[in-house]
Amino acid sequence: MDYEVTEYKEIFREVFAGLLADIDWEIEKRGISDQAHPLYVFQSKINIIWGELLSEKYSTMEDMLKLKGIFEFSQDYVRGLAQ
């Protein structure tokens, strides 16, 4: 794995952690307690990605581009919830 990929992984760990915090805030704000609720499921999927960032699953620049797309979509979705 090259240095650039390692750098992206560190950045993605931070931004996905922030995204998880935003999702958690939305869940609490809306008083959602049902773990089958779509926001809980969404949070779970993002949490899995966050946890796997340090693994070998994401080890190429192509993987980093995929993660960037996932993050941008997810961030836009969460921002839309806040409006």
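Modeller: Angles under 35 degrees count as roughly parallel, over 145 as roughly antiparallel, 65 to 115 as roughly perpendicular, and the rest as oblique. This is a predicted model, where local features need pLDDT of at least 70, side-chain atom pairs need pLDDT 80 or more, and totals for chains, interfaces and linings use all residues. Numbering starts from 1 along each chain as its sequence is written, and side-chain values use heavy atoms, leaving out hydrogens and water.

Biologist: In what order do the elements of the protein run from the N terminus on?

Modeller: The protein has 3 helices and 0 strands. These are DSSP runs (helices H or I, at least four residues; strands E, at least two), numbered from the N terminus. The order is α-α-α.

Biologist: What box do the C-alpha atoms of the protein fill?

Modeller: The chain holds 83 residues, 29% of them buried. Buried means under 20% relative accessible area, exposed over 50%, partly exposed in between (1.4 Å probe, protein chains only). Along the principal axes, the C-alpha box is roughly 45 × 25 × 15 Å.

Biologist: How are H1 and H3 oriented to each other?

Modeller: Helix H1 spans residues 3–29, and helix H3 spans residues 61–82. Their axes come within 10 Å and cross at roughly 20 degrees. Therefore H1 and H3 are roughly parallel.

Biologist: How many residues of the contact of H1 with H3 are charged?

Modeller: H1 brings Glu4, Lys9, Asp22, Glu26 and Lys29, among others, and H3 brings residues including Lys68. Contact means heavy atoms within 4.5 Å. By class there are 15 nonpolar and 2 polar residues, and the charged ones number 6.

Biologist: How are H2 and H3 oriented to each other?

Modeller: Helix H2 covers residues 38–52, and its axis comes within 12 Å of that of H3. The two cross at roughly 150 degrees. H2 and H3 are therefore roughly antiparallel.

Biologist: Which residues of H2 make the contact with H3?

Modeller: By class, this contact has 9 nonpolar, 1 polar and no charged residues. H3 supplies Leu67, Ile70, Ser74, Tyr77, Val78 and Leu81. H2 supplies Leu39, Phe42, Ile46 and Ile49.

Biologist: Which element gives the largest share of the largest nonpolar core?

Modeller: Such a core is a set of buried Ala, Val, Leu, Ile, Met, Phe, Trp, Tyr and Cys residues joined through side-chain atoms within 4.5 Å. This one has 19 residues, and Phe16, Leu19, Ile23, Ile46 and Leu67 touch the most other members. H1, H2 and H3 each give two or more residues. The largest share, 7 residues, comes from H1.

Biologist: What does Ile46 touch, leaving aside neighbours within four places in sequence?

Modeller: Ile46 is among the H2 residues that meet H3. It is also one of the core residues touching the most other members. Its contacts are Phe16, Leu19, Leu20, Ile23 and Ser74.

Biologist: Is Gln43 buried or exposed?

Modeller: Gln43 sits in helix H2. It touches Leu20, Ile23, Asp24 and Ile27, not counting residues up to four places away in sequence. At 16% relative accessibility, Gln43 counts as buried.

Biologist: How far apart in space are Asp22 and Gln43?

Modeller: Asp22 lies in H1 and counts as partly exposed, because its relative accessibility is 42%. Gln43 is in H2. The two are 21 residues apart in sequence, and C-alpha to C-alpha they are apart by 9.7 Å.

Biologist: What share of the contacts with a separation of 6 or more joins residues 24 or more positions apart?

Modeller: Ile46 with Phe16 is one contact across the chain. Gln43 with Leu20 is another. For the protein, the share from residues 24 or more positions apart is 68%.

Notes:
Axes fitted to C-alpha atoms, helices over the stretch in contact; angles between N-to-C directions. Nonpolar A, V, L, I, M, F, W, Y, C, P; charged D, E, K, R; others polar.
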